[in-house]
Amino acid sequence: MPEIFARIALTPQGWLKNVQVSIDADGRIATVDSETRPGPEMTQVDALLPALSNLHSHTFQRGMAGLAERRGPAGRDSFWTWREIMYRFLDLLSPEDIEAIAAFAFMEMQEAGFAAVAEFHYLHHQPGGAPYDDVGELSARIAAAASQTGIGLTLLPVLYRHGGVDGRPLAGGQLRFGNDLPGFEALMARAATILKALPVDVGLGVAPHSLRAANRDDIQAALALRPESPFHMHIAEQEAEIDEMLAVHDARPVAWLLDTFEVDRRWCLIHCTHMLPEETIGLARTGAVAGLCPVTEANLGDGIFDAPRFVEAGGSFGVGSDSNIRISTIEELRQLEYSQRLRDRARVVLAGPGESAGRVLYGKALAGGAQALGRECGTITPGGLADLVAIDTERLPGISDGDGILDGWVFCGNGSAITDLWSAGRHMVRSGRHIHAGEIRARYRETMRLIMDRL
Ligand SMILES: [Zn+2]
């Protein structure tokens, strides 16, 4: 039974010192004891924390990170001009490329402190839209990448049916995404079979892409396919989506959703950037998770989430790396807090009186991430999955005790403070590096060299 000894650990009882954590064969925490001494076979770390879950990722986009930072020829660069580049890029990718890029992104996530990921997977077919012989070919590639890296995977096959709220047909790059309902049902069944090869902490959810790509009947059908599983959807990321919804349904996206469906705790709504105050409060009260992707939202110029109002109304949130332009747990949390500070011209916006911003941000993202993935993780407690991250507080400025560790890491630190990471007890990052980093990096570099030749 693997055992960890930590100088200090964050537990449901608060920060405990000289902590031993043992892990069972199913990757769950077996015992947690404080005021102990290190034993000979134990992995010794400095500060041990529950590791975050990344609640929103499109791994293939890691391969185009940095390729869309050159200004276009005329007009204003926007999400929509970025999306054109993204569609061109994805049409170049073979199944082998998709697997290599996914493995690289998953490895980077683990090195950045994410033990698990919800992969919002919409790339299903060949360029032009013809299905592969195996409808689950690309789901199998994501699963293989998760298997190689050991990350905890919740796969979210995406239902993508239309090119806009008005129901226009798919075009161009979108042809790789589309399924009719019987086709999607077959894909979901195949994905469930593929995932049986992964460790038992694997999860399967379902994700209608957005209100642009799925209408009321599509969403209803997706809900019925897996009635208990995580249910994710992009919403209200762009003002053009608000305009389309107003034109077709005479309602804003979140207001329409709350009026049309019984949104509850299994829902995770990605972005929620453009909401009126009543939408923000209404969404918070459903118990659904707001899936925030602050680094991507900043990169794409989306806008700023109304976090104080949402949290005040009891809303849950987690963070995701989405476009994977940058993969960093702490930069997501920092960007979230800083965007609020810049908008409100205030400090320490998301903590209550006397609370630490780092502790509050990290704690809420732990709980929201676990809920969104349907994963029993997020606390160092017996019975929970051993999703754990260790950081070396000597690499942070200032305080090395208590909540100061999280304030120091989130606001002043960087990813290099991470020494170890376990995904459901799998000890994949040691001395700051993924144990398969050499092989995964080499394959990624060669894959990208060949893609860039075709670009
Ligand atoms: Zn997304």
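How many residues does H3 have, and what does H3 reach from its first C-alpha to its last? Helix H3 has 13 residues and reaches 19 Å between those two atoms, close to the 18 Å expected at 1.5 Å a residue, where the expected span is 1.5 Å times one less than the number of residues. Before I go on, I should say that this is a predicted model, in which local features need pLDDT of at least 70 and side-chain atom pairs count only at pLDDT 80 or more, while totals for chains, interfaces and linings use all residues. Residues are numbered from 1 along each chain as its sequence is written, and side-chain values use heavy atoms, with hydrogens and water left out.

Let me stay with H3 for a moment. Helices here are DSSP runs of H or I with at least four residues, and strands are runs of E with at least two, numbered from the N terminus. Among the residues of H3 that are buried are Leu138, Ile142, Ala145 and Thr149, where buried means under 20% relative accessible area, exposed over 50%, and partly exposed in between, with a 1.4 Å probe and protein chains only. As a general point, an α-helix has 3.6 residues a turn, so residues three or four places apart point the same way. After H3 comes Gly150, whose phi is positive, near 80°. In the loop between S6 and H3 we find Tyr132, which counts as buried at 14% relative accessibility; Tyr132 and Pro95 are 37 residues apart in sequence and 9.8 Å apart in space, C-alpha to C-alpha.

H3 brings us to strand S7, residues 152-159, because S6, H3 and S7 make a right-handed β-α-β unit. Right-handed here says that, with the strands pointing away from the viewer, the path from the first strand over the helix to the second runs clockwise. Strand S6, residues 114-121, pairs with S7 in the parallel sense over six bridges, a pairing being counted if DSSP finds at least two bridges between two strands, and within it the partner of Val117 is Leu153. On its other connections, S7 pairs in the parallel sense with strand S8, residues 203-204, over two bridges, with Thr154 matched to Gly203, and S7, helix H4 (residues 181-195) and S8 make a right-handed β-α-β unit as well. Two bridges also join S7 to strand S9, residues 207-208, and these strands run parallel, with Leu159 opposite Pro208.

Is S7 covered or open on its two faces? Both faces are covered, with Gly152, Thr154, Leu156 and Val158 buried on one side and Leu153, Leu155, Pro157 and Leu159 buried on the other, so that eight of the eight residues of the strand are buried.

Now to the metal site. Which residues coordinate the zinc ion? They are His56, His58 and His234, each through NE2, and Asp322 through OD, at 2.1 to 2.6 Å; donors are N, O and S atoms within 2.8 Å of the metal (3.2 Å for Na, K and Ca), and since water is not among the atoms, sites may look incomplete. The angles among the four donor atoms run from 83 to 170°, and the site is irregular. Under the rule, four donors count as tetrahedral if all angles lie between 85 and 135 degrees, four count as square planar and six as octahedral if opposite donors are over 155 degrees apart and all others between 65 and 115, and anything else is irregular. Along the chain, the donors follow the spacing H-x1-H-x175-H-x87-D. His58 lies in the loop between strand S5 (52-57) and helix H1 (79-90), and Asp322 in the loop between strand S13 (316-319) and helix H11 (329-344), so this pair ties together parts that are 264 residues apart in sequence. Both His58 and Asp322 are buried.

My next topic is the aromatic rings. A pair of aromatic rings is described by the distance of the centres and the angle of the planes. Rings of Phe, Tyr and Trp (its six-membered ring) pair if their centres lie within 6.5 Å, and planes under 30 degrees apart count as stacked, over 60 as edge-to-face and the rest as tilted. By this rule the count comes to 13 aromatic pairs. One of them, Phe305 with Phe310, is edge-to-face, at 5.2 Å centre to centre and 70° between the planes; Phe305 is buried at a relative accessible area of 4%, and Phe310 is buried at 0%. Tyr338 and Phe411 form a tilted pair, at 5.8 Å centre to centre and 35° between the planes. Tyr338 lies in helix H11 and Phe411 in helix H13 (residues 403-412), so the pair ties together parts that are 73 residues apart in sequence. Of these two, Tyr338 counts as partly exposed at 33% relative accessibility, whereas Phe411 is buried at 18%. Ring pairs also link Phe60, Tyr87, Tyr122, Tyr160 and Phe177 into a cluster.

I will end with a sheet of eight strands, which is open, has mixed pairing and follows the order S3-S2-S1-S4-S14-S15-S16-S17. Strand S3 (29-33) and strand S17 (433-434) stand at the edges, each with a single partner strand, so one side of each is left without a neighbour in the sheet. At the S17 edge, strand S16, residues 426-430, and S17 pair in the antiparallel sense over two bridges, and there the partner of Val429 is His434.
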